[in-house]
Amino acid sequence: MLRSYAAQLSYSVSEEVDKGTVVGNLAKDLQLNVDAQEKRDLRVVSGNSRKYFDMDFKTGALYVCDRIDREELCPNTDKCSLNFEAILTNPMHLHRIEVQIIDINDNAPSFRENEKVLNISESSFTGERYLLPIANDADRGSNSVKSYKLSPNDYFSLDVSGGQHSESGELVLQKSLDRERQSVIKLTLTAVDGGKPPRSGTLQITVNVQDVNDNIPVFDRPLYKATVVENTPRGAPVISVHARDLDEGPNGEIQYSFINQDNDNDVDKFDIDPTTGEITVNGELDHERNSAVEIRVQAKDKGQNPRASLCKVLVEIADVNDNPPEISVTSLVNVVREDAAADTMVGLITVKDHDADKNGAVQVKIVDSVPFTIKNTYKNHYSLVVDGSLDREVISQYNITILATDEGLPPLSSTSVITVHVSDVNDNAPRFKEPVINIFVRENSAVGAVIHTMTAEDPDDDENAKVTYSVMNNNHKNNVIASAFNVHSETGDIISLQSFNFEEMKTFQFKVQATDSGVPPLSSNVTVNVFILDENDNSPSILAPYSEHGSVNSENIPYSAEAGYFVAKIRAVDADSGYNALLSYHLSEPKGNNLFRIGTSTGEIRTKRRMSDNDLKTHPLVLLISDNGDPSLSATVSIDVVVVENTADIQTQFRHVPMKEDSFSDLNLYLLIAIVSVSVVFLLSLISLIAVRCHKTDGSFSRYSAPMITTHPDGSWSYSKSTQQYDVCFSSDTLKSDMVVFPAQFPPVDGELISINGGDTYTRTQTLPNKEKKEQQLQEGLSVPIEVSAAPLGSALSPAPALRLGRGPQHRVSIPDKPKG
């Protein structure tokens with residue numbers, strides 16, 4: 001592009017054009033043709049060290065020979081040109097040439113710093129300005145910086161003001177800063193030039209919001225909940241609280257503490273770490289005392305003007321089964337009637353367990369097996385009621401053990417003992433120990449003596465057990481009993497009102513009634529049997545034809561009599577009974593007289609040997625008949641035995657010789673009947689004894705009606721019934737024997753067992769009882785063993801019993817201690 005100036009040529013070219021770019025035709029502009037150009041030697045001379053332009057000598061064109069950078073050639077200037085000369089010779093002529101370098105937009109705006117950091121307090125007011133760096137652009141003119149742009153944000157705006165040389169920008173605070181919301185604000189400032197296309201450069205602006213203590217600490221939660229087991233040891237962690245303070249530095253450093261305005265002791269059981277906010281146990285925790293503790297925790301920063309906030313911590317104290325149930329009796333009826341109906345309430349029971357949930361759920365029951373039960377009335381209230389029949393006479397007091405067990409793991413339990421007394425009801429009649437009372441009273445006893453004391457037991461109590469005694473009315477018999485006995489109504493003593501004679505009256509029977517004092521009264525009765533015991537108050541009586549002491553009887557025997565010859569038989573009876581009527585016969589003769597002997601129990605007098613010439617013709621004998629009483633009573637009789645030579649004379653003299661065997665007399669008939677009777681009674685007795693052994697029943701009055709058999713020392717037996725006993729004595733010589741029947745008392749308890757030998761002596765195999773022992777055993781209703789001693793048949797030295805059990809050794813028959821039925 002040619003520009004004409006005075007005395008110079010002016011061209012323009014854009015910077016950064018390629019080498020060889022023609023700027024202009026210098027030869028043409030100097031109006032030189034080709035020949036003239038060569039002749040005048042046209043050349044370009046530059047004053048710069050670098051040569052940017054050159055000329056083509058053939059065409060005369062001016063072209064660019066080196067890179068042109070306007071910003072390098074003309075920094076910081078708006079106009080840039082290169083000046084050089086064109087020289088012509090022949091003649092020499094100098095032309096000034098100016099080439100203006102036209103700027104192109106080859107440079108983008110740039111800032112001296114890549115990043116700008118601004119520290120702005122969050123307390124700054126809106127509208128405050130902050131100067132921004134200016135962007136530099138090496139280009140000029142329209143290619144220089146024309147505008148600035150700020151990246152979008154919520155806090156700042158950009159205010160660009162034009163200056164003398166360039167525009168400058170300022171940040172303007174449009175909104176209050178909040179460091180806690182955004183502590184760093186990143187902005188981008190963009191400088192844009194006017195080129196086409198435009199170029200731009202950016203600046204990173206970092207705005208650091210400076211902190212001000214304008215935030216209070218904030219807890220993560222306004223309410224913290226924690227659960228801790230009661231009895232947890234000290235130092236155990238519970239929960240940690242945490243607060244945040246958006247401030248920084250001391251303004252954001254937090255300390256934790258408890259706020260206990262009410263001086264709550266439960267709060268003091270916890271502790272908090274001031275730095276970490278961890279809450280730990282600091283005391284003994286008891287769920288039953290307080291199931292939950294509410295703690296207020298404060299978080300305070302360390303700013304110059306510290307700010308604080310609060311939160312609540314609810315610590316639930318979990319229950320542990322550490323409390324056994326408590327049993328309390330709120331109302332108790334100590335006494336309950338034995339006829340109380342089922343469901344009769346005895347007491348109210350309250351059970352408490354301070355634990356919670358299952359640890360406090362209680363099951364109540366009665367441990368023992370008692371006629372009571374527990375019913376739940378409402379929640380933890382129970383009633384103790386009757387659940388069975390009561391009998392005060394069996395159990396008058398119940399100690400009821402109540403067991404309460406909770407449902408904890410492991411379960412805890414407690415017990416309580418409730419004492420319930422059973423009151424009496426008159427539901428039991430007086431009872432005697434046995435239905436029959438047997439009393440033994442000695443005849444001739446003193447009048448007014450207490451012969452027996454009855455006792456009737458009534459298991460009831462107090463008035464219901466107070467017993468009175470009375471004799472039951474038995475028509476006409478009552479008058480007899482009333483004259484003989486009296487029964488004390490309170491003590492039960494039976495008092496004799498008369499002296500008794502066994503030989504006249506042996507037994508009395510009446511009934512006594514025992515009545516209690518209950519309402520209505522109950523009664524029972526007992527049969528009383530009074531047995532009169534015999535005493536030895538009667539001496540033996542000698543039967544005819546012999547008389548007692550004071551008269552002399554005579555008997556004749558032949559001189560030729562052999563040993564064992566029957567001389568006479570003495571018969572005697574005793575009005576007494578039993579041992580008192582058991583008679584024994586003895587000879588009282590001078591010493592040396594050994595011609596005769598007498599059967600101790602039979603009274604038969606026999607010879608001991610044959611006669612001799614030295615024997616006397618008349619033998620006076622004194623016989624002593626004694627009973628077995630204590631003391632013993634006796635009678636004597638005298639007999640003169642005359643020895644005759646002629647046997648024919650004996651027939652006339654023996655008045656007492658019985659009839660021969662072939663004549664069956666009345667005595668033989670009686671003897672046969674007696675033998676058969678005794679045998680039958682003996683067999684019946686044995687059968688009865690066997691039956692009693694098999695079926696034992698307790699006494700009644702009929703047990704004394706069993707037959708009894710008594711043995712005599714010589715082997716004879718005595719038979720008796722309950723109302724009367726008879727002793728039957730007989731010998732083996734039926735021609736010269738009599739049957740003597742005499743009454744006897746109850747069978748002796750201890751019998752004297754006597755064996756008679758050939759020497760007319762006897763040995764005792766059992767000691768005779770004394771008087772007191774006999775009475776005691778008779779009162780007890782005992783019987784004795786019976787022993788029968790039998791001598792061989794034909795023995796001339798010992799009498800043979802009429803009833804023989806067999807040959808050989810002795811036979812013993814035992815009767816039970818207490819015959820029954």
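In this predicted model, Gln298 is in contact with Phe219, Gln255, Tyr256, Ser257, Ile259, Ala308, Ser309 and Leu310, when residues up to four places away in sequence are left out of the count. Gln298 itself lies in strand S23, which spans residues 292-301. With a relative accessible area of 17%, Gln298 is classed as buried, because the class takes in residues under 20% relative accessible area.

Attention then turns to charged side chains. Side chains of opposite charge can pair when their charged atoms come close. In the model, 25 salt bridges are counted, and several of these are described here in turn.

One salt bridge is formed between Asp103 and Arg70, whose closest N and O atoms are 3.0 Å apart. This pair links distant parts of the chain, since Asp103 is found in the loop between strand S8 (93-102) and strand S9 (115-121), whereas Arg70 belongs to helix H3 (residues 70-73), with 33 residues separating the two. Both partners, Asp103 and Arg70, are buried.

A salt bridge also joins Glu170 to Arg129, and here the closest N and O atoms are 3.1 Å apart. Distant parts of the chain are again linked, as Glu170 is placed in strand S13 (residues 167-173) and Arg129 in strand S10 (residues 129-131), 41 residues apart. Glu170 has a relative accessible area of 22% and is therefore partly exposed, a class that lies between the limits of 20% for buried and 50% for exposed residues. Arg129, at 45% relative accessibility, likewise counts as partly exposed.

In a further salt bridge, the side chains of Glu562 and Arg610 meet at 2.1 Å, taken from N to O. Both residues of this pair lie in loops, Glu562 in the one between strand S43 (552-558) and strand S44 (566-569), and Arg610 in the one between strand S48 (604-607) and strand S49 (618-626), so that distant parts of the chain, 48 residues apart, are linked. The relative accessibility of Glu562 is 45%, and this residue accordingly counts as partly exposed, while Arg610, with a relative accessible area of 44%, is also partly exposed.

Salt bridges in the model are not confined to isolated pairs, as Glu16, Arg67, Asp69 and Glu72 are linked in a network of such bridges.

Key
Residues are numbered from 1 along each chain as its sequence is written. This is a predicted model: local features need pLDDT of at least 70, side-chain atom pairs count only at pLDDT 80 or more; totals for chains, interfaces and linings use all residues. Side-chain values use heavy atoms; hydrogens and water are left out. A salt bridge is a side-chain nitrogen of Lys or Arg within 4 Å of a carboxyl oxygen of Asp or Glu. Helices (H or I, at least four residues) and strands (E, at least two) are DSSP runs, numbered from the N terminus. Buried means under 20% relative accessible area, exposed over 50%, partly exposed in between (1.4 Å probe, protein chains only). Contact means heavy atoms within 4.5 Å.
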